[in-house]
Amino acid sequence: LSAECSGEEWLIGSDHLSGEGDVRSGSRDPGDVFLAAGCEVGGRGAPKIPVMQEAEHLVNAGVKELLIISQDTSAYGVDIKYRTGFWQGRPVKTRMTELVQALSTLGVWVRLHYVYPYPHVDEVIPLMAQGKVLPYLDVPFQHASPRILKLMKRPASGEKNIERIQAWRAACPDLTIRSTFIVGFPGETEAEFEHACRLGATSQV
């Protein structure tokens, strides 16, 4: 499930849902589905039902891996107040945890990208430990200093990240975490630079 920073309105995989496009039967390539659009936190979330329809279409076409990507996957549904929809006859909230739970029933690899370390992310770790989704998180820490993160206008605070990662790894020892860091931001001090380096080393990303 992916989104581009094009500034355009999101479309829920219209080519795939209409039967057009280049999804090949038995494809081993990862499948992408729009989840949200825009480069800002709070970009409009795609309604859950079209997202799941798109995911099902890709799986039925033979795709073996779904990449869940947006600018802030962990904030999925915030903009529409976690509105409840229906999928396969049951109510499901438009929220990251419920989305991942639904995706985990499709029988393919589900890989989560751009997940900020909010407390509710803890809820998906048991699904990874149970083998329902891949034990993989792309967490864009970007820095460790709360001051620099605020200047960057990033949603994460940088606080308690090490403790959260340690708890995730304790619950799911096979967890792999990928991340990105930005250094040299205007006004960054040497101490803040070292702080970012320590987070990268200590978190084993």
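Me: Which residue lies over the face of Y136?

Reply: That residue is R111, at 4.7 Å from the ring centre of Y136. Please keep in mind as we go that this is a predicted model.

Me: Thanks! Before going further, how many helices and strands are there in the chain?

Reply: The chain has seven helices and seven strands. Reading from the N terminus, their order is α-β-α-β-β-β-α-β-α-β-α-α-β-α. Of the 205 residues in the chain, 47% are buried. Among contacts with a separation of 6 or more, 74% join residues that are 24 or more positions apart.

Me: Which residues have the most contacts inside the largest nonpolar core?

Reply: Let's take the general idea first. Nonpolar side chains in soluble globular proteins tend to be buried together. Here the largest nonpolar core has 39 residues, and L66, L103, L106, L112, M128, L137 and W168 have the most contacts inside it. Several elements each supply at least two residues of this core, including helices α2 (48-60) and α6 (161-171) and strands β2 (65-68) and β5 (109-112).

Me: Could you take one of those residues and show me its surroundings? What is M128 in contact with, leaving aside its neighbours within four places in sequence?

Reply: Gladly. Apart from those neighbours, M128 is in contact with L112, V133, L134, P135, Y136, L137, C172 and L175. You have met Y136 already: R111 lies over its face.

Me: And L103, is that residue buried or exposed?

Reply: L103 has 0% relative accessibility, so it counts as buried. You will find L103 in helix α3. In sequence, L103 and K132 are 29 residues apart, while their C-alpha atoms are 8.9 Å apart in space.

Me: How many aromatic pairs does the structure hold?

Reply: There are two aromatic pairs. In one of them, Y116 and Y118, the ring centres are 6.3 Å apart and the planes meet at 25°, so this pair is stacked. Planes under 30 degrees apart count as stacked. Both Y116 and Y118 are buried.

Me: Now a helix, please. Which residues of α7 are buried?

Reply: The general idea comes from the helical turn. An α-helix has 3.6 residues a turn, so residues three or four places apart point the same way. In α7, the buried residues are E192, A196, L199, G200 and S203. Viewed down the axis of α7, these buried residues fall within an arc of 95°, so they line one face of the helix. That buried set packs against α5 (146-151) and α6. On the face turned away from the buried side, α7 carries the exposed residues E190, A191 and A201.

Me: How many residues does α7 have, and what is its reach?

Reply: Helix α7, residues 190-203, has 14 residues and reaches 20 Å from its first C-alpha to its last. That is close to the 20 Å expected at 1.5 Å a residue.

Me: What is the phi of Q204, which follows α7?

Reply: Most residues other than glycine have a negative phi. Q204 has a positive phi of about 55° although it is not a glycine. Q204 is exposed, with a relative accessible area of 61%.

Me: Let's try K153 too. Where does K153 lie?

Reply: K153 lies in the loop between α5 and α6. Its phi is positive, about 60°, although K153 is not a glycine. With 73% relative accessibility, K153 counts as exposed.

How values were computed:
Residues are numbered from 1 along each chain as its sequence is written. This is a predicted model: local features need pLDDT of at least 70, side-chain atom pairs count only at pLDDT 80 or more; totals for chains, interfaces and linings use all residues. Side-chain values use heavy atoms; hydrogens and water are left out. Rings of Phe, Tyr and Trp (its six-membered ring) pair if their centres lie within 6.5 Å; planes under 30 degrees apart count as stacked, over 60 as edge-to-face and the rest as tilted. Buried means under 20% relative accessible area, exposed over 50%, partly exposed in between (1.4 Å probe, protein chains only). A charge sits over a ring if NZ of Lys or CZ of Arg is within 6 Å of the ring centre and within 35 degrees of the ring normal. A nonpolar core is a set of buried Ala, Val, Leu, Ile, Met, Phe, Trp, Tyr and Cys residues joined through side-chain atoms within 4.5 Å. Helices (H or I, at least four residues) and strands (E, at least two) are DSSP runs, numbered from the N terminus. Contact means heavy atoms within 4.5 Å. The expected span of a helix is 1.5 Å times one less than its number of residues. The arc is that of the directions from the helix axis to the C-beta atoms.
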